[in-house]
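Here's a quick tour of a protein chain for anyone just getting started with structures. Have the picture open while you read, and find each residue as it comes up.

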Amino acid sequence: MAVRVHEDYLPGDLVTYQVATDISDSQYHMVEVESDAQVDVADAASDLIAGILTNKPTKEGAAATVMSTPGKIVKALCDGNSVNIAVNDYLGPSSSGHVIKKTTGTYYARALEAVASDGHIVPVLWVGPTTI
């Protein structure tokens, strides 16, 4: 049975940030808040993740909506190439903001579907930063 993602979030479920550059091609990527308080796509597995980008901000200063409410289901762009993702696996960021399987360190979400290749958008359960 496929997991259904309800995209009619409640007030307060999404956080809005400004972006420093066009990240419209990064919808469903994990994002971080940079030192200038603007959001950008995660670029390291060790980044402190703010949430998952749910829209497509197209220019500097545009609003980025980010899902970061624990217990919510959100779509995420997964990379299962290096290590396949199974249901309930711990998930964190890759160096390109894709969601990858984590076996140590900090994770942010749990897989709700299996993924065996890169580029699949699947539902994940957002849990926020938690240590394995």
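What you're looking at is a predicted model. Buried residues make up 42% of the 132 residues in the protein chain. The chain has zero helices and 10 strands, and its radius of gyration of 14 Å is close to the 14 Å that the globule rule gives for 132 residues, so it is as compact as a globular protein of that length.

**Overall build**

- Start at the N terminus and read along: the elements go β-β-β-β-β-β-β-β-β-β.
- Along its principal axes, the C-alpha trace spans about 35 × 30 × 25 Å.
- Take the contacts with a separation of 6 or more: 56% of them join residues 24 or more positions apart.

**Surface and charge**

- The accessible surface adds up to about 6,600 Å², and carbon and sulfur atoms own 50% of that.
- The chain carries 8 positive and 16 negative charges, and the mean positions of the two sets sit 9 Å apart.

**The nonpolar cores**

- The largest nonpolar core has 18 residues, and Met 30, Ile 52, Leu 91, Val 124 and Trp 126 have the most contacts inside it.
- Which strands each supply at least two residues of this core? They are β4 (49–53), β6 (73–79), β9 (106–111) and β10 (118–131).
- There's also a second, separate core of nine residues, and Val 19, Val 41, Leu 53 and Val 66 are among them.

**Two core residues up close**

- Ile 52 has plenty of company: setting aside neighbours within four places in sequence, its contacts include Tyr 28, His 29, Met 30, Thr 65, Val 66 and Met 67.
- Also on the contact list of Ile 52 are Val 74, Lys 75, Ala 76, Val 124 and Trp 126.
- Trp 126 sits in strand β10. Is Trp 126 buried or exposed? Its relative accessible area is 1%, which means that it counts as buried, since the cut-off for buried is under 20%.
- Going from Trp 126 to Ile 100 takes you 26 residues along the sequence, and the two C-alpha atoms are 14 Å apart in space.

**Ala 111 and its partners**

- Look for Ala 111 in strand β9, where this residue is buried with a relative accessible area of 3%.
- Ile 85 is 26 residues away from Ala 111 along the chain, and their C-alpha atoms are separated by 7.3 Å.
- Beyond its neighbours within four places in sequence, Ala 111 is in contact with Ile 85, Ala 86, Val 87, Asn 88, Asp 89 and Leu 91.

**Two residues with a positive phi**

- Some background first: most residues other than glycine have a negative phi.
- Tyr 28 isn't a glycine, yet it has a positive phi of about 75 degrees. You'll find Tyr 28 in the loop between β1 (14–18) and β2 (30–33).
- Loop or not, Tyr 28 is buried, because its relative accessible area of 13% falls under the 20% cut-off.
- Asn 88 is another residue other than glycine with a positive phi, this one near 80 degrees. Its home is the loop between β6 and β7 (90–93).
- How does Asn 88 count in terms of exposure? At 45% relative accessibility, Asn 88 is partly exposed, because that value lies between the cut-offs of 20% and 50%.

Conventions:
Residues are numbered from 1 along each chain as its sequence is written. This is a predicted model: local features need pLDDT of at least 70, side-chain atom pairs count only at pLDDT 80 or more; totals for chains, interfaces and linings use all residues. Side-chain values use heavy atoms; hydrogens and water are left out. Helices (H or I, at least four residues) and strands (E, at least two) are DSSP runs, numbered from the N terminus. The radius of gyration is taken over C-alpha atoms; the globule rule is 2.2 Å times the number of residues to the power 0.38. Buried means under 20% relative accessible area, exposed over 50%, partly exposed in between (1.4 Å probe, protein chains only). Contact means heavy atoms within 4.5 Å. Accessible areas come from the Shrake-Rupley method with a 1.4 Å probe; for residues, only the protein chains shown count as cover. Lys and Arg count as positive and Asp and Glu as negative; His and the chain ends are not counted. The place of a charge is taken as NZ of Lys, CZ of Arg, CG of Asp or CD of Glu. A nonpolar core is a set of buried Ala, Val, Leu, Ile, Met, Phe, Trp, Tyr and Cys residues joined through side-chain atoms within 4.5 Å.
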